[in-house]
Amino acid sequence: MKLLSVKSKGVNQLTLIVPIMKKLNIAGEVDKFCGTSPTNQPKTSHGSIVEALIANRLTSPTPMYSVSTWAEDLAIEEILGIPPELLNDDRIARTLDAVDPHT
């Protein structure tokens, strides 16, 4: 008999934050100004990364190098559709560099 391991993930305040971000179309607005590179998949656009960063700042602020660990513990992939491994510090830095000229 094979035992299954189940990992529970929290949703914290994500149930409140995500609908507001979607209603404000944050990802769409960021992508409108910053664009996306041809190699990016839609789920990894700059706007999607910004949404994940906003969720991180509002739920449990962590250093840039720990955002992927934070995303593993919360249901970020299930709610925002961004795999935690894509929230690494290099990817976040590229997004912040793309957003910077528009701030």
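**Exercise 1. Determine which residues of helix α6 are exposed and which are buried, and describe how they are arranged around the helix.**

*Solution.* Step 1. On one side of α6, opposite the buried residues, Asp 90 and Asp 97 are exposed. The model examined here is a predicted one.

Step 2. The buried residues of α6 are Arg 91, Ile 92, Thr 95 and Ala 98. Around the axis these residues cover an arc of only 120°, and therefore they lie on the same side of α6.

Step 3. Next, the partners are identified. The buried residues of α6 pack against α2, α3 and α4, the last of which spans residues 67-73.

**Exercise 2. Identify the buried residues of helix α2 and state where on the helix they lie.**

*Solution.* Step 1. Helix α2 comprises residues 26-34, and within it Ile 26, Ala 27, Val 30 and Cys 34 are buried.

Step 2. When α2 is viewed down its axis, the buried residues fall within an arc of 95°, so they line one face of the helix.

Step 3. These buried residues of α2 pack against α1 (14-24), α3 (46-59) and α6 (89-99).

Step 4. The residue that follows α2 is Gly 35, and its phi is positive, near 70°.

**Exercise 3. Characterise the packing of α2 and α3 by angle, axis distance and handedness.**

*Solution.* Step 1. The two helices pack at an angle of about 135°, and their axes are 7 Å apart.

Step 2. The angle must now be classified. An angle over 145 degrees would count as roughly antiparallel, and one of 65 to 115 as roughly perpendicular. The angle of about 135° belongs to neither range, and α2 and α3 are therefore oblique to each other.

Step 3. The crossing of α2 and α3 is right-handed.

Step 4. The residues that meet are then listed. From α2 come Ile 26, Ala 27, Val 30, Asp 31 and Cys 34; from α3 come His 46, Gly 47, Ser 48, Val 50, Glu 51 and Ile 54. Sorted by class, this contact contains six nonpolar, three polar and two charged residues.

**Exercise 4. Summarise the protein as a whole: its secondary structure, its buried share and its contacts.**

*Solution.* Step 1. The secondary structure consists of six helices and zero strands. Along the sequence, the pattern reads α-α-α-α-α-α.

Step 2. Of the 103 residues in the protein, 38% are buried.

Step 3. Among contacts between residues at least 6 apart in sequence, 69% join residues at least 24 apart.

How values were computed:
Residues numbered from 1 in each chain as written. Predicted model: local features only at pLDDT ≥ 70, side-chain atom pairs only at ≥ 80, totals over all residues. Heavy atoms only, no water. Buried < 20%, exposed > 50% of the residue type's maximum accessible area, 1.4 Å probe, protein only. Helix = DSSP H or I, 4+ residues; strand = E, 2+ residues; numbered from the N terminus. Arc of directions from axis to C-beta. Contact = heavy atoms within 4.5 Å. Axes fitted to C-alpha atoms, helices over the stretch in contact; angles between N-to-C directions. Parallel < 35°, antiparallel > 145°, perpendicular 65-115°, else oblique. Left-handed = near helix turned anticlockwise from the far one by under 90°. Nonpolar A, V, L, I, M, F, W, Y, C, P; charged D, E, K, R; others polar.
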